[in-house]
Amino acid sequence: MSVTDTAEDLRHVAPYTRRESMSLYGRTKLMTIMWTQELARHLDPAKTTVNCCDPGFNATGLGRDLPGSRILQGVLNTLHVGDPRKGAGIIVRLATDPAFAHTSGGYFSVRDAKSLECPEPGRDPRIQKELWDETVTLLAAHAAD
């Protein structure tokens, strides 16, 4: 899971194969963490906080294009594994629990709301700012259309 060129990653719209889907998914998740942490630096934490989370494994159908996904979904449902409500629970907690009211730019685990570090190479604030700047450039170009 790596971000090599934020400008290229943000503009990547080419078709992809099943084999490439997990890599692309990982990169987009990494960029979400990076962007959230940079957004926190742009906000007044006394007024607005922003956090993100690892919602854990959730059987939502996202991987439905992968080989064997229907069989896996059936097994997971039978075993009651991957209930999306568990993943949603951390999101609700981050938004409503007073313990997080003054926390901004965090990345948290679904299991215990434990603080996590952004994976490398996205941990570097310079790369996070680069992603932010590229996003602003991309949005400005589309707003001009």
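**View 1. K129 of helix 5, partly exposed with a relative accessible area of 42%, and its salt bridge with D133.** Partly exposed here means lying between buried, under 20% relative accessible area, and exposed, over 50% (1.4 Å probe, protein chains only). The model is a predicted one, so local features need a pLDDT of at least 70 and side-chain atom pairs count only at pLDDT 80 or more, whereas totals for chains, interfaces and linings use all residues. Residues are numbered from 1 along each chain as its sequence is written, and side-chain values use heavy atoms, with hydrogens and water left out. The side chains of K129 and D133 meet at 3.2 Å or less, namely 2.9 Å from N to O, where a salt bridge is a side-chain nitrogen of Lys or Arg within 4 Å of a carboxyl oxygen of Asp or Glu. Both residues lie in helix 5 (residues 125–144), four residues apart, which is about one turn of the helix; helices (H or I, at least four residues) and strands (E, at least two) are DSSP runs numbered from the N terminus. D133 is likewise partly exposed, at 34% relative accessibility. Elsewhere, E117, E120 and R123 are joined into one network by salt bridges that share partners.

**View 2. The salt bridge between E38 and R41 in helix 2.** The closest N and O atoms of E38 and R41 are 2.9 Å apart, and the two residues, both in helix 2, are separated by three residues along the chain, about one turn of the helix. The partners differ in their surroundings, because E38 counts as buried at 5% relative accessibility, while R41, at 46%, counts as partly exposed. Side chains of opposite charge can pair when their charged atoms come close. This pair belongs to a structure in which a search finds eight salt bridges.

**View 3. The salt bridge between R93 and D97.** The side chains of R93 and D97 meet with a distance of 3.2 Å from N to O. R93 is partly exposed, its relative accessible area being 36%, and D97 also counts as partly exposed, at 23% relative accessibility.

**View 4. The largest nonpolar core, made up of eight residues.** Its members are L30, M31, I33, M34, C52, Y107, C118 and L131, and helix 2 gives the most to this core, with four residues. Apart from it lies another core, of seven residues, among them C53, I90, F108 and A113. A nonpolar core is a set of buried Ala, Val, Leu, Ile, Met, Phe, Trp, Tyr and Cys residues joined through side-chain atoms within 4.5 Å. In soluble globular proteins, nonpolar side chains tend to be buried together. Within the chain as a whole, buried residues make up 30% of the 145 residues.

**View 5. The second largest pocket, with M31 in its lining.** The pocket holds about 160 Å³ of space and is lined by D9, H12, V13, A14, Y16, L24, Y25, R27, T28 and M31. On a 1 Å grid over the protein atoms alone, where a cavity is a set of points that a 1.4 Å probe fits but cannot leave, a pocket is an open set with protein on both sides within 12 Å along at least five of seven lines, and lining residues have an atom within 4 Å of a point. Grid points are joined across faces, edges and corners, and the volume is the space filled by probe spheres set on the points. Helix 2 (residues 18–42) supplies the largest share of the lining, five residues. By class, the lining divides into six nonpolar, two polar and two charged residues, where Ala, Val, Leu, Ile, Met, Phe, Trp, Tyr, Cys and Pro count as nonpolar, Asp, Glu, Lys and Arg as charged, and the others, Gly among them, as polar. M31, found in helix 2, is buried, with a relative accessible area of 9%. The C-alpha atoms of M31 and I127 are separated by 9.9 Å, although the two residues are 96 residues apart along the chain.

**View 6. Backbone features in the loop between strand 2 and helix 5, at A113 and P121.** The peptide bond from E120 to P121 is cis, with omega near 5°. At A113, phi is near 60°, a positive value in a residue other than glycine, and A113 counts as buried, at 10% relative accessibility.

**View 7. The chain as a whole, with five helices and two strands.** From the N terminus on, the elements run α-α-β-α-α-β-α, and the C-alpha atoms fill a box of roughly 45 × 40 × 30 Å, taken along the principal axes. The chain averages a pLDDT of 87, with 94% of the residues scoring at least 70; pLDDT is the predictor's confidence in each residue, from 0 to 100. Confidence is lowest in helix 3 (residues 69–79), at a mean of 78, and highest in strand 2 (residues 107–109), at 96.
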